[in-house]
Amino acid sequence: MSRDSTRKVLSVAFALCVVCSILVSAAAVGLRERQERNKVDEKKKNILQAAGLYETGIPVEDQFSKIQTRIVDLQSGQFSHDFDAATFDSRSSARDPETRYQIPSDLDLAAIKRRSRYQDVYLVMADDALQQIILPVHGKGLWSTMYGFISLGNDFSTVNGFAFYEHGETPGLGGEIDNPAWKKQWPGKKIYDDAGNIRIEVLKGAVDKSSENAIYQADGLAGATLTARGVGNLLKYWLGDNGYKPFLETLKKEGLKQ
Ligand SMILES: Cc1cc2nc3c(=O)[nH]c(=O)nc-3n(C[C@H](O)[C@H](O)[C@H](O)COP(=O)(O)O)c2cc1C
């Protein structure tokens, strides 16, 4: 190959690289707003799915109109009015020195070390009456932090739906937390007994349906006991005294007008 043609090849390759990088950067910048919008829509879709309200073919925004987003101060167990619920992000709030809460290690059942003092919660309303409350939860599985939503009925104990929308567990093992067959066991389970003690647990193995405790128990995952244990632990944490429980008790006593 002559020197001329070598130079030509290199110039063409360089020009191609410049053009491609301009195109990629322009696409990244141009699509950023759409990506953000899709992310918000995806979160709303997951919330609707946890509540059993998601319908395909109807814009997510329209379906979400029956849901109110509120911010809860987990320390006081009351609603907080200090944030814009539409833009509040509990993950960045958990990193912010002003709002983060370091979980004492003996209480850290979800193995997350810290969380935000404030959490977004979602209220499903019908004729001004609360029907369901959807709570974000997260905690460590075997390989990853698993993020999900749990929806409770207006007794604040009966599960309407529970689903994870982000995790890195192994497909076919821990990843079975996404299996519709596993998820469909959750509606109807109870979190608390009549005395208010947290009772929900994920077993190693299957629930004995004839047991009086079956209402508080979910089947484990064969070959993925560590992920299943993580799910049970994160529920115990988030629905316990260091999580949403004080807020749910306030809600039960005082209703929405706190
Ligand atoms: C490649 C690989 C991936 C695995 N992924 C998971 C997982 O995602 N979740 C899990 O609990 N166990 C996973 N395991 C299995 C765990 O190491 C452990 O054996 C299992 O959780 C024990 O559950 P069992 O008592 O039901 O068998 C994986 C194992 C291997 C070799």
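**Domain arrangement and overall dimensions**

In the predicted model, the centres of domain 1 and domain 2, taken over C-alpha atoms, are separated by 32 Å. The domain assignment places residues 1–64 in domain 1 and residues 66–254 in domain 2. Where the two domains are in contact, eight residues are contributed by domain 1 and 13 residues by domain 2. On the side of domain 1 that touches domain 2, the most is given by helix α1, which spans residues 3–50 and supplies four residues. When the residues on this side of domain 1 are sorted by class, five are nonpolar and three are polar, while no charged residues are found there.

The overall dimensions of the protein were examined next. For the protein, the radius of gyration is 23 Å, whereas a compact globule of 258 residues would have a value near 18 Å. Along the principal axes, the C-alpha atoms fill a box of roughly 85 × 45 × 40 Å.

With regard to secondary structure, the protein comprises six helices and ten strands, and helix α1, at residues 3–50, lies within the bounds of domain 1, which are given as 1–64. Of the 258 residues in the protein, 28% are buried. As for the separation in sequence of residues that touch, 55% of the contacts between residues at least 6 apart in sequence join residues that are at least 24 apart.

Key
Residues are numbered from 1 along each chain as its sequence is written. This is a predicted model: local features need pLDDT of at least 70, side-chain atom pairs count only at pLDDT 80 or more; totals for chains, interfaces and linings use all residues. Helices (H or I, at least four residues) and strands (E, at least two) are DSSP runs, numbered from the N terminus. The radius of gyration is taken over C-alpha atoms; the globule rule is 2.2 Å times the number of residues to the power 0.38. A residue is buried if 20 or more other C-beta atoms lie within 10 Å of its own, exposed if 12 or fewer, and partly exposed in between; C-beta atoms are placed from the backbone. Two residues are in contact if their C-beta atoms, placed from the backbone, lie within 7 Å. Domain bounds come from an automatic or database domain assignment. Ala, Val, Leu, Ile, Met, Phe, Trp, Tyr, Cys and Pro count as nonpolar, Asp, Glu, Lys and Arg as charged, and the others, Gly among them, as polar.
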